[in-house]
Amino acid sequence: MSLETNINIYADGGCRGNPGPGGWGVLIQMDRCETELCGGELDTTNNRMELTAVIRALEALKHPSIAQVHTDSQYVQKGISEWIHNWKRNGWRTADKKPVKNADLWQTLDSLAKAHQIKWLWVKGHAGHPGNERADALANRGIDELLATRPT
């Protein structure tokens, strides 16, 4: 089985209010091709949108891949790289025995990530990083499009 390589994913999510209407955005760069994805939810949180962005990006990959996922969310980067191992071992409970927040999304992300070789990279948000800035703009577009189509 050959792996698709040289894939960079930039994922971002956010809310207007927390909770509130939220959006997620993804920029996938592979070779000379780029794909932009975005969407939104009416009543959500920043962290759910950050996770949803990465989930939608991995769902968009059609073949097992070697990818770098860039996120400005330490919650996502540390969660998938470090914390998830203990959560799974503890039956999706934190060290203080409380249920893991957003466990449904973490479980989905964990399942999707197994098909790929992923390097999880944190980038500082709103610091001029071109890929992250585009993902942020897509997340905002996701919110704008959601609110524009909402019945009044």
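**Figure 1. Strand E2 in its surroundings.** A residue counts as buried when its relative accessible area is under 20%. By that cut-off, nine of the eleven residues of strand E2 (residues 20-30) are buried, so the strand is largely enclosed by the rest of the structure. The model shown here and in the other views is predicted. Strand E2 runs antiparallel to strand E3 (residues 33-44), and ten bridges join the two. One bridge partner pair is Gln29 with Glu34 in E3. E2 and E3 form a hairpin with two residues between them. Asp31 sits in that turn and has a positive phi of about 55°. In a regular strand the side chains alternate between the two faces of the sheet.

**Figure 2. The whole protein chain.** This overview places the close-ups. The protein chain has four helices and five strands. Read from the N terminus, the order is β-β-β-α-β-α-α-β-α. The C-alpha trace spans about 45 × 40 × 30 Å along its principal axes. A compact globule of 152 residues would have a radius of gyration near 15 Å; the protein chain has 15 Å, so the two agree. Of the 152 residues, 43% count as buried. The accessible surface comes to about 8300 Å². Carbon and sulfur atoms hold 49% of that surface. Among contacts with a separation of 6 or more, 66% are between residues 24 or more positions apart. The chain carries 18 positive and 18 negative charges, and their mean positions are 7 Å apart.

**Figure 3. The cis peptide bond ahead of E2.** Asn18 and Pro19 are joined by a cis peptide bond. Omega is about 15° there. Pro19 belongs to the loop between strand E1 (4-15) and E2. E2 itself begins at residue 20.

**Figure 4. Ala57 on helix H1.** Ala57 lies in helix H1 (residues 46-60). Its relative accessibility is 1%, so Ala57 counts as buried. Which residues does Ala57 touch, leaving aside those up to four places away in sequence? The contacts are Ile9, Val26 and Ile28. Val26 and Ile28 fall within the residue range of strand E2, 20-30. Ile9 falls within that of strand E1, 4-15. Thr108 is 51 residues from Ala57 along the chain, and the two C-alpha atoms are separated by 12 Å.

**Figure 5. Parallel pairing of E4 and E5.** Strand E4 (residues 65-71) is mostly covered, with five of its seven residues buried. E4 pairs with strand E5 (residues 117-122) in the parallel sense. Six bridges make up this pairing. Ile66 has Gln117 of E5 as its bridge partner.

**Figure 6. Trp92 in the loop between H2 and H3.** Trp92 is found in the loop between helix H2 (74-89) and helix H3 (103-113). Its phi is near 60°, a positive value in a residue other than glycine. Is Trp92 buried or exposed? At 17% relative accessibility, Trp92 counts as buried. The cut-off for buried is under 20%.

**Figure 7. His126 in the loop between E5 and H4.** His126 is found in the loop that runs from E5 to H4. His126 is not a glycine, yet its phi is positive, about 55°. Its relative accessibility is 62%, so His126 counts as exposed. Asn132 is one of the residues in contact with His126.

**Figure 8. Asn132 on helix H4.** Asn132 is found in helix H4 (residues 130-149). Asn132 has a relative accessible area of 2% and is buried. What surrounds Asn132, not counting residues up to four places away in sequence? Asn132 touches Tyr10, Asp12, Asp72, Val123, Lys124, Gly125 and His126.

**Figure 9. Ala135 against the N-terminal strands.** Ala135 also lies in helix H4. With a relative accessible area of 0%, Ala135 is buried. Beyond residues up to four places away in sequence, Ala135 touches Tyr10, Ala11, Asp12 and Gly25. Tyr10 and Asp12 are also among the contacts of Asn132. Tyr10, Ala11 and Asp12 fall within the range of strand E1, 4-15, and Gly25 within that of strand E2, 20-30. Gly25 and Ala135 are 110 residues apart along the chain. Their C-alpha atoms are separated by 4.9 Å.

Notes
Residues numbered from 1 in each chain as written. Predicted model: local features only at pLDDT ≥ 70, side-chain atom pairs only at ≥ 80, totals over all residues. Heavy atoms only, no water. Rg over C-alpha atoms; globule rule 2.2 N^0.38 Å. Buried < 20%, exposed > 50% of the residue type's maximum accessible area, 1.4 Å probe, protein only. Contact = heavy atoms within 4.5 Å. Areas by Shrake-Rupley, 256 points an atom, 1.4 Å probe, with all protein chains shown as cover. Lys, Arg positive; Asp, Glu negative; His and termini not counted. Charge placed at Lys NZ, Arg CZ, Asp CG, Glu CD. Pairing = 2+ DSSP bridges.
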